[in-house]
Amino acid sequence: MPNNQMLSIGFPAILASSVHDIKNSLTALRALLSQLENIYQDPKPNEFKHLEFETNRMNSSLMQLLTLYKIDLSQFSLAIDEHRAADIVEDIVAQQSTLLSLSNIELITQCDGELFCYCDSTLISNALCTLVNNSQRYCLSKVLLSVTQENDYIVFSIEDDGMGYPENLISSDYKQVPQLDLVTGNTGLGLFFAETIAQLHVQGQSRGFIVTDNGSQFGGARFKLYLP
Amino acid sequence: MAINLTSKKILIAEAHANLRETIKHIFGSLGARFIVEAESGVDAIAAMKKDKFDIVLCDYDLLGKKTGQQVLDEAKHLKLLPVNAIFMIATDEHRLGLAPNAVDNKPDDYLIKPFSLKQVSSLLEKCDNRKRFLAGIENEIDSGNLFQAIRNCEKMLELDNKSMHLQLLKMQAELSIKVGDFKTAAKVYQDILDKRELPWARLGLGVVAYCLADYDNAVNTFQGLIKQYPAMLEAYDWQVKAYEAMGNDRLALSSINAAVTLAPQSILRQKKLAMLADKTDNIDLAQKAYTAIIELGKNSIHRSFSDYSGLANTYLKSNAADKALEIAVKMAQQFKADPEAKLRAALLEIEIYREKGNERLVERAYNKICELNGQLNKQLPRELRLNMAKIFCLNDNREACDEILNDLVKTYVDDKLFMKETVALCNELIGENYVETLVESLTQELVDFNKEAAKLFKKGDIRGARGVFEQIAAKRPNNPKVILNLIKIILHDIKTSGASPEKIISTQSYINTAIQLGIAHDQISVLQTALDTFKNEIEQ
């Protein structure tokens, strides 16, 4: 039997409100973590890195959940505008800054300051952040975030020196709803989200897409997001 | 390099104490020394009344149900923000799509939660750079000098700053629309679209079509956008306007209803929904919207007693006189210090008691109206005064009715829409030609004034002629011909007896009035160019 009170408020409103509360908690949690870190001398306990990684992951998952839900309800629109690719890269680095400071991972960026792309920068930056976050977890020592132009596309690439993507995440159909891998806990939701968002970016006959392989110049995983 | 906030005054509005502390800590790390905290929207506004802040970071959800958007609207309305101040709203991603519309104010940027020190610093720097770059345009807009703002925009476009190029084009097009130069606006938008399909440029093209009264084209453009971007609320807002202009209130209602479903928190959209639902006799929907408005209106600058009277009227229409009376009483209680609210409540009471068949109370309410009208008279809004004229006429008090109508026609004779409403009411109540006769005498007065000014002008008494035109302009502030003549005579005065700061300022002010009156761009631009030449001469 439907719950009348819930029907009158509306599930989207309840979901949005819950996400808002959790985001507030995450902001406070991050601040508390930062205060705690200041108490410890370098090298700081490894647990901080894990905590930071997990808060980033929770934040990404929440955002993806709400965005995908809204796309499903046709209540979502891209806010497409012109952006300097370097600004998006800078934003990703800013979002990852705490985690980077806690680990020995080097995040290398390569982007021509004169490169511009047309996209919803908040969404693209979030989608890429999730994947950079993952790379930081699975790499050995470095992650490269670069932006280049390939024909009519601006390409954001994330390459690392880890073990590479598992077979099921390479050249798969990203449009398939991800299945939970109970052994690794890997859902592939980040890739599914990136593909969904990429596909929403259209210019004329061209549409955005993603590619994953293990062709990183450092020998690990390589993710590429193509925006028309 | 991180931005240094040592000399900046900062306001942090955030409901949660621990988050406020966090944000304060972040700003402190960037050198901030002067930080004021607020936990509610009311506190934030009070702080802004006390100090002029350089940076305001306001959470979207504050205590007391006032949102960050409402704080921004109120701050802009009360002119509490210096023109170069940065106002950022902290929010999560999902609010972004539902944020400002065609009528709301836009913040400088959004800070997405959760945020780190680096993110705050980077965003502040970006906003600061943008503000500095655009200051020359923003300052002119703030002073109402739209033509100068456009010229500054054009000059800055020549600098060929790639990061700001599109932003400048957007401003140029929007300013061109404001001064009625639709041709330039359309060209700017089309040039952008020829290179890249951008939703705001497409929307701009639709707005231009709307302004040129090409409503079919406008509606098609907005429909196309909504199809592609189903949550693009600005497209819905403009579609509503276009349907209204076409006289299709039912389609307008359908569009605004769709927008309200997506973003029910916008009080101005709810007001539009209530008005259209009322007009099209969708009583249930109107009631729902008015109820939402009253709830959203708590602590909002858009709160008004007309929301209560609107709701009460819907109850009257659905034969629920007791419920209507309940709302009228609530309205009088909520706005007890405001005599206008008492007057509106009394107007409602007449209808309610008539419905209930209680003539004694109808009479009592009427007497209250007569008394309040005597006290308030010209201070009342014109729509209400028109309604009062109707009530007096229906109660055979022609003297009071005529007094109001005479004054309304005299004051608003150049406002076509209002005059249409007035004529319709007079034709229904008093008879044909009532307003026309009044208008004729005013036209004659205008002709006499013009003759007098022309006589003085011929004699070479430019100052005297200007004085006469200023007298006319005080009487007929919305008359395009009067304003244009006044501008021309001051420009002639400048040409013959030299420029002075007073003459320049006063001409610019009348040109700005001409823009607001919607006088054709080609007529105004000639005068603006002449004024600019004199301005340049005086500056050299």
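**Exercise 1.** State how many residues chain B and chain A each bring to their contact, and describe the side of chain B.

*Solution.* Step 1: chain B gives 31 residues and chain A gives 34 residues, two residues being in contact if their C-beta atoms, placed from the backbone, lie within 7 Å. The model is predicted: local features need pLDDT of at least 70, side-chain atom pairs count only at pLDDT 80 or more, and totals for chains, interfaces and linings use all residues. Residues are numbered from 1 along each chain as its sequence is written, while chains are lettered from A and ligands numbered from 1 in the order in which they are written.

Step 2: at least two residues of this side come from each of helix H1 (17–29), helix H4 (93–96), helix H5 (117–142) and helix H7 (162–178) of chain B. Helices (H or I, at least four residues) and strands (E, at least two) are DSSP runs, numbered from the N terminus. H1(B) supplies the largest share, four residues.

Step 3: by type, the side of chain B that touches chain A has 13 nonpolar, ten polar and eight charged residues. Ala, Val, Leu, Ile, Met, Phe, Trp, Tyr, Cys and Pro count as nonpolar, Asp, Glu, Lys and Arg as charged, and the others, Gly among them, as polar.

**Exercise 2.** Give the strand order of the open sheet in chain B and place H5(B) against its strands.

*Solution.* Step 1: the five strands follow the order E2-E1-E3-E4-E5 (chain B), with parallel pairing; strands pair if DSSP finds at least two bridges between them.

Step 2: strand E2 (34–38) and strand E5 (109–112) of chain B are the edges, each pairing on one side only. From one strand to the next, the twist averages 20°.

Step 3: strand E1 (residues 9–13) of chain B is joined to E2(B) by five bridges. B:Lys9 has B:Phe34 in E2(B) as its bridge partner.

Step 4: H5(B) lies across strand E3 (55–59), strand E4 (86–91) and E5 of chain B, at about 145° to E4(B). Axes are lines fitted to C-alpha atoms, for helices over the stretch in contact, and angles run from 0 to 180 degrees between N-to-C directions.

**Exercise 3.** List the domains of chain B and describe the contact between domain 2 and domain 3.

*Solution.* Step 1: an automatic or database domain assignment gives domain 1 (9–138), domain 2 (145–196) and domain 3 (447–539) of chain B.

Step 2: the centres of domain 2 and domain 3 of chain B, taken over C-alpha atoms, are 28 Å apart. Their contact takes six residues from domain 2 and seven residues from domain 3 of chain B.
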